[in-house]
Every structure is written in C-alpha cells, then in structure tokens.
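Q: Could you show me how to read a fold step by step, starting from a single position and working out to the whole chain?

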Amino acid sequence: MHKNANIAGETGVNKRRIIVGITGASGAIYSMSLLKALKVSGCVETHLIISTAGKDLLCMEIDTEAAARARTMAQVCYEIDDLAAPVSSGTFKTDGMIIVPCSAKTLAAIAHSYGDNLIHRAADVVLKERRTLVLMFRETPLHLGHIENMAKVTKMGGIILPPIPAFYNKPETIEDIVNHAVGKALDLFGLEHHLYKPWGMQA
C-alpha cells in the first residue's frame, strides 16, 4: 500500500517524480534495469505500481524475490487496485510515467481511456495533464489493432518506445542491450545517465 507520509519532506523537494508501471508482457529485465537507473540517479522519486501479471512475470523471468526487490528500489509503492492512490489524481504533480514492459492489454486500456486499475488510471491522468507518458510496448508481430492503439496513444500525446536493440554501439552482453533501451526512456525525461554512449561517441 502507499505511504501516507509527506513524500516531499522525506525525499527532498528538488527531486523529480516518475511513476513506473510493470505489466505482464515479457521483458521483466527492462523494468529492473529502469528501477535501478532511477535509484542510482539520485534525483528521482520513483512511484511504483506492479500489476498482478507483472508480479507473475518478475517471478517467471527473474526469480521469486524479484517483485520484492523491485519495491525496495522505489520510494513509494501502490497496489494495483488502489484507485484512491495519489497518482490517480492530476492534482498530484509528477513528471510523467514509464510503463515497462507494456502489455497489449495495457496499451489497449490506455488507448481507450479504460481506467480499471491503477496503472491504467495513472497513465490516463498523465495524458490528460499533458505530462510525459512512455510505453515500452512488448509485442511482436503486430496486428492492426495494436498499430491503431499505438496511433491513438501517440495522438493523445503518449510516446511508444518499443525496446528494440541497437547494434551500432557493439553490445557485448544482454545488459548492454537492455541498458540502451532504458537509457532511451530516460532521455525522454531529460535525465542524465551512462547507460549507453550516444551515436558518434563510441570511440
């Protein structure tokens, strides 16, 4: 459940607030990498929501303690059905939200403003308040419904960022590939990181 303490007082008024949603699409490693990067940055107050399928995913793709570890990397954690949580209201100021991995079901719910859980509702709030929403959509191949839903979210101001590997930076490990995608998400929030070297600086 979410903390009732004064968050700004606990973590510092100069910190950015970013909501992280973890859903059930394959790609749990991306969510863990993102949470680690936000924590290491030292300038972000992370608000975490993990769906029921997201918890199963973390267990399946990483280990049985992954969801618990994920929660320790966030300053505030919410239950998926807690629609009274602060992030369900536009009056609670945030810089935006990253959903990683983002399932086709979550994409569809956001595209059609179907806020039946806290991840969907928080994303809808981010869109209506004109804040940054990044969906690291994990599905392939795509049918027309997926494409139309991505177009709908894009027209509403969201950003679709599929974690597609880049090879110009000559990745040597899976971590290199994952970090590149996570770094691209952080770039959209103007956050400094050292997860990958920009084009032209590979040396």
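Q: Let us begin with one residue: where is A84 found?

A: The general idea is to place a residue among the elements before asking about its surroundings. In this model, which is predicted, A84 sits in the loop that joins β3 and β4.

Q: Is A84 buried or exposed?

A: Accessibility is read as a relative area, and a value over 50% counts as exposed. A84 has a relative accessible area of 68%, so A84 is exposed. As for its place in space, its C-alpha atom is separated by 8.7 Å from that of L118, although the two residues are 34 apart along the chain.

Q: L118 belongs to a helix that I would like to understand; how many residues of α6 are buried?

A: One counts the residues under the burial cut-off, which is 20% relative accessible area. For α6 the count is 8 of 11, and α6 is therefore largely enclosed by the rest of the structure. The buried positions are L118, I119, H120, A122, A123, V125, V126 and L127.

Q: What covers the buried residues of α6?

A: Here one looks for the elements in contact with those residues. The cover includes the strands β1 (16-22), β2 (44-50), β3 (76-78), β4 (96-102) and β5 (132-137), together with the helix α5.

Q: At what angle do α5 and α6 pack?

A: Two helices are described by the angle between their axes and by the distance that separates them. Helix α5, residues 104-111, packs against helix α6, residues 118-128, at about 45°, and the axes are 9 Å apart. Since an angle from 35 up to 65 degrees falls outside the roughly parallel and roughly perpendicular ranges, α5 and α6 are oblique to each other. The crossing in which α5 passes α6 is right-handed.

Q: Which residues of α5 and α6 meet?

A: From α5 come T106, A109 and I110, and from α6 come I119, H120, A123 and L127. By class, this contact has 5 nonpolar residues, 2 polar and no charged. The spacing along such a list can be read with a general rule: an α-helix has 3.6 residues a turn, so residues three or four places apart point the same way.

Q: At what angle do α2 and α8 pack?

A: The reading proceeds in the same manner. Helix α2, residues 28-41, and α8 pack at about 60°, with axes 9 Å apart, and this angle makes α2 oblique to α8. Their crossing is right-handed. The residues that meet are I29, Y30, S33, L34, A37 and L38 in α2, and I174, V178, N179, A181, V182 and L186 in α8; they divide into 10 nonpolar, 2 polar and no charged.

Q: Beyond that helix, where does E192 lie?

A: E192 lies in the segment that follows α8 (174-187), and with a relative accessible area of 73% E192 is exposed. Sequence separation and spatial separation should be read together: E192 and C43 are 149 residues apart in sequence, while their C-alpha atoms are 9.8 Å apart.

Q: Turning to the whole chain, how many helices and strands does the chain have?

A: The chain has 8 helices and 6 strands, and from the N terminus their order is α-β-α-β-α-α-β-β-α-α-β-α-β-α. Overall form is read from the radius of gyration: a compact globule of 203 residues would have a value near 17 Å, and the 16 Å of this chain agrees with that. Of the 203 residues, 48% count as buried. Among contacts with a separation of 6 or more, 78% come from residues 24 or more positions apart.

Note on methods:
Residues numbered from 1 in each chain as written. Predicted model: local features only at pLDDT ≥ 70, side-chain atom pairs only at ≥ 80, totals over all residues. Heavy atoms only, no water. Axes fitted to C-alpha atoms, helices over the stretch in contact; angles between N-to-C directions. Helix = DSSP H or I, 4+ residues; strand = E, 2+ residues; numbered from the N terminus. Parallel < 35°, antiparallel > 145°, perpendicular 65-115°, else oblique. Left-handed = near helix turned anticlockwise from the far one by under 90°. Contact = heavy atoms within 4.5 Å. Nonpolar A, V, L, I, M, F, W, Y, C, P; charged D, E, K, R; others polar. Rg over C-alpha atoms; globule rule 2.2 N^0.38 Å. Buried < 20%, exposed > 50% of the residue type's maximum accessible area, 1.4 Å probe, protein only.
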